[in-house]
Amino acid sequence: MNPAYATTDHFFDVPLDHSRPHGPTIGVFAREVVDPARADDRLPWLLYLQGGPGGKSPRPSAGTPGWLPHALKTHRVLLLDQRGTGRSTPVTARAAAAFTDPAQLAEYLGHFRADSIVADAELIRRRLGGDTPWETLGQSFGGFITLTYLSHAPEGLRACYVTGGLPGLTASADDVYARTYPRVRDRVLDFYDRYPDDAPRLRKIADLLTADPVRLPDGDRLTVRRLRTLGLALGMGDGFERVHWLLDEALDGDGELTHTFLHQVAALTGFADNPLFAVLQETLYGQGRGATGWAASRALSDFPEFAEDADPLLLTGEMMYPWMFREIANLRPFADAADLLAARTDWPPLYDPRRLAANEVPLAAIVYHDDMYVDAGLSLRTAREIGAARVWVSNEWEHDGVHASGGRVLARLMDLAAGRA
């Protein structure tokens, strides 16, 4: 137990498919966190919905995550490892490799979207608190889950806080990536403006990778297109510095790639801890209106400035491509199933626009004006279509503002939802 917090671990058996409550089950883990001085008090629950998809909930330590100390002033917090992540029957490369039939694996993975996470949350809420509604804090993908929650089970919610996570209610995967590439391009160019030496350094690294095969510590080949996926980090508050210092140590005195660089690239681009992030990324936009069909890959051809021989070399962002499932060791067991998911046309809708328009649960959301991952224009359109929604637009933080602000973002959202701001 961290001395700053009192924690209790909870394990739940939940149906893999909630429409078959007596069918196969999986385990879901959640960690209860409370101020030790208030451990015996009757406090309202705050459920934290992690970003992702495929990300486990944060592990608490003193002052981390940044919003937690503020939340614990008034709430008992539940850090949920969403199904398939962390200690919740994790979906890993090893687990995927145990499936001999790609169709069976694809069917299994189809039960790990937001609608299933909401059903898990409702089961857990009733076991922990009976019929009492709770509050939610949804970061990024956690905001997507929040709108699914409001669509499917609003009776379980007392108030909702969303940080950088209002999706387009009717936006297709094609709509999303048509908007994403220009934002990523602008962010990479801003990065080069801040660190002008990194543009030629990246080009030199790319030329080395093209001239001779370079292997990462796990045996994967480091290609230019895999190198470019380092741009995923640029949307976070410290992303420019993380990428810059990585590149700063990329080359040794002889102009060869360093072991330090290769080890870090393998970790940052290997999806060892969160393969579901790649596997489920485009399923977020599957709404029963046709296949997503590897939308990010198809959209790439509409942006010639992203060509691998373009100068400057542009990094990519939160886009997943078919080649990743053949070239990255931790994703290879998912390859055929991922193709089947991309071809699926019968995804159940995640949002109910009519129910959201009539929503009465207080919803307070921050939209980050320059968010690289979630389009601000789509977020603001969605906010206008939800009843009882209050929105704060800010350019003070990047996508991780709820963590980086030291509780200020959460405090303001709580005030907004309560009508105090």
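1. Phe-191 has a relative accessible area of 0% and is therefore buried (buried means under 20% relative accessible area, exposed over 50%, and partly exposed in between, with a 1.4 Å probe and protein chains only). Its neighbour in the sequence, Tyr-192, also counts as buried, at 7% relative accessibility.

2. This is a predicted model, in which local features need pLDDT of at least 70 and side-chain atom pairs count only at pLDDT 80 or more, while totals for chains, interfaces and linings use all residues. Residues are numbered from 1 along each chain as its sequence is written, and side-chain values use heavy atoms, with hydrogens and water left out.

3. Across the whole structure, a search finds 15 aromatic pairs (rings of Phe, Tyr and Trp, the last by its six-membered ring, pair if their centres lie within 6.5 Å; planes under 30 degrees apart count as stacked, over 60 as edge-to-face and the rest as tilted). One of them is formed by Tyr-181 and Phe-303, which are stacked because their ring centres are 5.1 Å apart and their planes stand at 25 degrees. This pair links distant parts of the chain, 122 residues apart: Tyr-181 belongs to helix 6 (residues 173-194), and Phe-303 to the loop between helix 12 (295-300) and helix 13 (324-327). Helices are DSSP runs of H or I with at least four residues, numbered from the N terminus. Both Tyr-181 and Phe-303 are buried.

4. Phe-191 and Tyr-192 form a tilted aromatic pair, with 5.7 Å from centre to centre and 45 degrees between the planes. Ring pairs also connect these two residues with Tyr-195 and Phe-240 in a cluster.

5. Charged side chains are also placed over rings (NZ of Lys or CZ of Arg within 6 Å of the ring centre and within 35 degrees of the ring normal). The charged end of Arg-87 sits over the ring of Phe-29, at 4.2 Å from its centre. Arg-344 lies over the face of Trp-347, 4.0 Å from the ring centre.

6. The structure contains 27 salt bridges (a side-chain nitrogen of Lys or Arg within 4 Å of a carboxyl oxygen of Asp or Glu). Among them is the contact between Arg-185 and Glu-305, at 3.0 Å from N to O. Arg-185 lies in helix 6 and Glu-305 in the loop between helix 12 and helix 13, so this salt bridge ties together parts that are 120 residues apart in sequence. Arg-185 is partly exposed at 25% relative accessibility, and Glu-305 is likewise partly exposed at 25%.

7. Glu-241 and Arg-194 form another salt bridge, their closest N and O atoms being 2.9 Å apart. Here, Glu-241 in helix 9 (residues 239-248) is linked to Arg-194 in helix 6, at a separation of 47 residues. Glu-241 counts as partly exposed at 24% relative accessibility, and Arg-194 is partly exposed with a relative accessible area of 47%.

8. A salt bridge of 2.8 Å, N to O, joins the side chains of Arg-332 and Asp-220. The two residues are 112 residues apart: Arg-332 is in the loop between helix 13 and helix 14 (335-343), and Asp-220 is in the loop between helix 7 (198-211) and helix 8 (224-228). Arg-332 is partly exposed, with a relative accessible area of 38%, whereas Asp-220 is buried at 2%.

9. Asp-9, Arg-31 and Arg-87 belong to one network of salt bridges that share partners. Arg-87 thus takes part in this network and also has its charged end over the ring of Phe-29.
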